[in-house]
Amino acid sequence: AAATAAPAPRKVSFGVVPDFGYTARGVRADSIVPGSPAAKADLQAGDILLTLAGKPIDTMQAFSDVLRTLKPGDLVEVEYRRGDAVETVKVELAGR
């Protein structure tokens, strides 16, 4: 029987520390790592990430799964909610 392949390790750093207590749709940023791609894109604590690279990220697992498909230097579009507004920003991913 063939062994199940383990998921590919993440090769990129985004810089959002997720709020693991947040259970609604999206990934809420508990904090942003200083100097990270997320910080350079002006994402802030409390922002709720909705899509990454055109894919919905309704959960932490979905966020992690999309990050695994990307590589350092990729410029990806991120849709996020801040307060009542939904914004879009481009983030250049870093290696980890």
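**Exercise 1. How many bridges join β4 to β6, and do the two strands run parallel or antiparallel?**

Keep in mind that you're working with a predicted model.

*Solution.* Start with the pair itself: β4 and β6 are joined by four bridges and run antiparallel. Next, pick out one point on that ladder: Ile48 has Arg81 as its bridge partner in β6. Now look at where Ile48 stands with respect to β3: Arg28 is opposite Ile48 in β4. That fits the pairing of β3 (residues 27-32) with β4, which is antiparallel and has two bridges.

**Exercise 2. Work out which strand forms a hairpin with β4, and describe the turn.**

*Solution.* Follow the chain out of β4 and you get to β5 (residues 55-56), an antiparallel partner joined to β4 by two bridges. Within this pair, Leu52 faces Lys55 across the bridge. Then check the turn: two residues sit between the strands, and Ala53 there has a positive phi of about 55 degrees.

**Exercise 3. Why is strand β4 described as largely enclosed by the rest of the structure?**

*Solution.* Take the residues of β4 (residues 48-52) and ask how many are buried. A residue needs to be under 20% relative accessible area to qualify. Five of the five make the cut, so the strand is largely enclosed by the rest of the structure. For a wider view, 35% of the protein's 96 residues count as buried.

**Exercise 4. Describe the hairpin of β6 and β7.**

*Solution.* First, the strands: β6 (residues 75-82) and β7 (residues 85-92) are antiparallel, with eight bridges between them. One of the pairs to find is Glu79 with Thr88 of β7. Finish at the turn, where two residues separate the strands and Gly83 has a positive phi near 65 degrees.

**Exercise 5. Is Ala38 buried or exposed, and which residues does it touch?**

*Solution.* Begin by placing Ala38: it's in helix α1 (residues 37-40). Its relative accessibility is 0%, so Ala38 counts as buried. Leaving out residues up to four places away in sequence, Ala38 touches Phe14, Gly15, Val16, Ile32, Leu43 and Val91. Zoom in on Phe14: 24 residues separate it from Ala38 along the chain, yet their C-alpha atoms are 5.8 Å apart.

**Exercise 6. Put the parts together: what pattern do the helices and strands follow along the sequence?**

*Solution.* Count the elements first, and you get two helices and eight strands. In sequence order they read β-β-β-α-β-β-α-β-β-β. Then turn to the contacts: among those with a separation of 6 or more, 47% link residues 24 or more positions apart. Last comes the surface, where the protein exposes about 5,600 Å², with 52% of it supplied by carbon and sulfur atoms.

Key: Residues numbered from 1 in each chain as written. Predicted model: local features only at pLDDT ≥ 70, side-chain atom pairs only at ≥ 80, totals over all residues. Heavy atoms only, no water. Buried < 20%, exposed > 50% of the residue type's maximum accessible area, 1.4 Å probe, protein only. Contact = heavy atoms within 4.5 Å. Pairing = 2+ DSSP bridges. Areas by Shrake-Rupley, 256 points an atom, 1.4 Å probe, with all protein chains shown as cover.
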